[in-house]
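Got the viewer open? Here is a short tour, one selection at a time.

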Amino acid sequence: MVDRKSFLQVGHKGSLFSSFLYFDMSFMVWVLLGPLAVILANDFHLNAAEKANLVALPTLGGAVLRLVLGVLTDKIGPKLTGQIGLTLTLVPLFWGWQFANTMGDMYFVALMLGIAGASFAAALPLASSWYPPQYQGLAMGIAGAGNSGTIFATLFANRIAQHYGDWHVVFGIAMIPIALTLVIFSVLAKDSPNKPAPKTIAEYGKVLKQKDSWLFCILYSVTFGGFVGMASYLTIFFNTQYGLSPVRAADFTTLCVIGGSFFRPVGGWLADKIGGIRMLMVLYGVVALMMAGISTLPALSMTTVMLFIAMMAFGMGNGSVFQLVPQRFKAEIGVMTGIVGAAGGLGGYFLPKILGNLKLTTGSFTPGFLILSAIAITCLLLIAIVQGQWKRTWIGEGGKVKVAPASMDSLHA
């Protein structure tokens, strides 16, 4: 059990707070197009597939650029990488504010907003490298709570656009918190003297040769991809399916996002208690049931409840996956965090495209949600198949930490 007093006496509070703030504000910007897409669709006369493509592009950019920022973090340190990331995030915001008048401009802005989504690569190592192993989970949890920045985007983006009668202004106003974060980050953040050695391309290649790496990528692409993909797309869904105004549709999205944002740490904590395997099997089952229920397109109130539960399961699933990853890849956790994180972003790219493209071709959201349900069932079956081998080789009952072999190893060390 983590002693909070001891936790406060170690590490570096300025870096921990900076990591959280950087992550929080970046996440807000990363999903900014989700709520705005409803307003943009009216201006640019977008069909269902084009709306989905617009909100999916930032997650694709984030997935690719996360690996780039990960390499930079290794080479020049997380603080300078974070400063570069925040500075470059101002570029698409300024472009969206001043110059975005065509769909070509908007696609450029969407892809470049991926820089904000790549903030994980610098924020999490900055926080965790200051803390000893027994506190790294808590440090990562505090920094990772920045995914709550999504709430600011869904709550305020459409209100600001409506107030000023112009969506361009939203991008301009979003530059203010990013610029303030850059200043605070530059003053408070500090690279740890315990920074791990840079990882080589060969290390990435070595990890990718192992089957479990790909399994974790699949699992995280569904949990994290589910969370960020839904956060980006739900405003469109509520607007299209239930005829809600842009502001009200984004408010309902905010309700659902709260479930995913605040339950991630709960997922990690419960996974420690009962095991990540047990947690994930339950959570994928919950997601499958909720997606199947939503596919019937029931009343707005019922849909909102099911989406809240599904988002809660996605958030807890993120914490549960990262309870397992360090157990399997102790020595390669830095490399794996980058690879698995990028896979999560890719999942977030495909989810809106599944829902949007199938809505365009079939005229209904039902097939899209049924496919999402089937994907969750597939993940559940994958874990059921591999858990036997995992228990024989590296993990304890239900996915809990395998204590006995670890203590034997320490005797031989």
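We'll go through a helix pair, a pocket, a cavity and an aromatic pair, keeping in mind that this is a predicted model.

**Stop 1: two helices**

Select helix α10, residues 149–164, together with helix α14, residues 246–262. Their axes come within 7 Å and cross at roughly 170°. An angle over 145 degrees counts as roughly antiparallel, so that is how α10 runs relative to α14. Now switch on side chains to see who makes the contact. On the α10 side, pick T150, I151, T154, L155, N158, R159 and Q162. On α14, the partners are P246, V247, A250, D251, T253, T254, V257, I258, S261 and F262. Try colouring this contact by class: you should get 8 nonpolar, 7 polar and 2 charged residues.

**Stop 2: the second largest pocket**

Next, centre on C217, I339, A342, A343 and L346. Of the 13 residues lining the second largest pocket, these are the closest to its centre. The pocket's volume is about 270 Å³. To see the walls, show α4 (48–76), α12 (201–208), α13 (211–242) and α18 (333–362), the elements that each give two or more residues to the lining. What classes of residue turn up around this pocket? The lining divides into 12 nonpolar and 1 polar, with no charged residues.

**Stop 3: the cavity**

Keep α4 and α18 on screen, as they are also the elements that give two or more residues to the lining of the largest cavity. A search of the whole structure turns up 1 cavity of 30 Å³ or more, and the space in the largest cavity comes to about 30 Å³. Select W30, G62, A63, R66, G117, F120, F224, G341 and G345 to outline it. Which element gives the most to this lining? That's α4, with 3 residues. Colour by class again and the cavity lining shows 4 nonpolar, 4 polar and 1 charged.

**Stop 4: an aromatic pair**

Stay with F120 from the cavity lining and add F23. The two form an edge-to-face aromatic pair, with 4.6 Å centre to centre and 70° between the planes. Zoom out a little to see what the pair links: F23 sits in helix α2 (residues 13–30), while F120 belongs to helix α8 (residues 120–128). These are distant parts of the chain, with the two residues 97 apart. If you feel like hunting for others, a search of the whole structure finds 30 aromatic pairs.

Technical notes
Residues numbered from 1 in each chain as written. Predicted model: local features only at pLDDT ≥ 70, side-chain atom pairs only at ≥ 80, totals over all residues. Heavy atoms only, no water. Axes fitted to C-alpha atoms, helices over the stretch in contact; angles between N-to-C directions. Helix = DSSP H or I, 4+ residues; strand = E, 2+ residues; numbered from the N terminus. Parallel < 35°, antiparallel > 145°, perpendicular 65-115°, else oblique. Contact = heavy atoms within 4.5 Å. Nonpolar A, V, L, I, M, F, W, Y, C, P; charged D, E, K, R; others polar. 1 Å grid on protein atoms, 1.4 Å probe; cavity = no way out; pocket = protein on both sides within 12 Å on 5 of 7 lines; lining within 4 Å. Points joined across faces, edges and corners; volume = space filled by probe spheres on them. Phe/Tyr/Trp six-rings, centres within 6.5 Å; stacked < 30°, edge-to-face > 60°.
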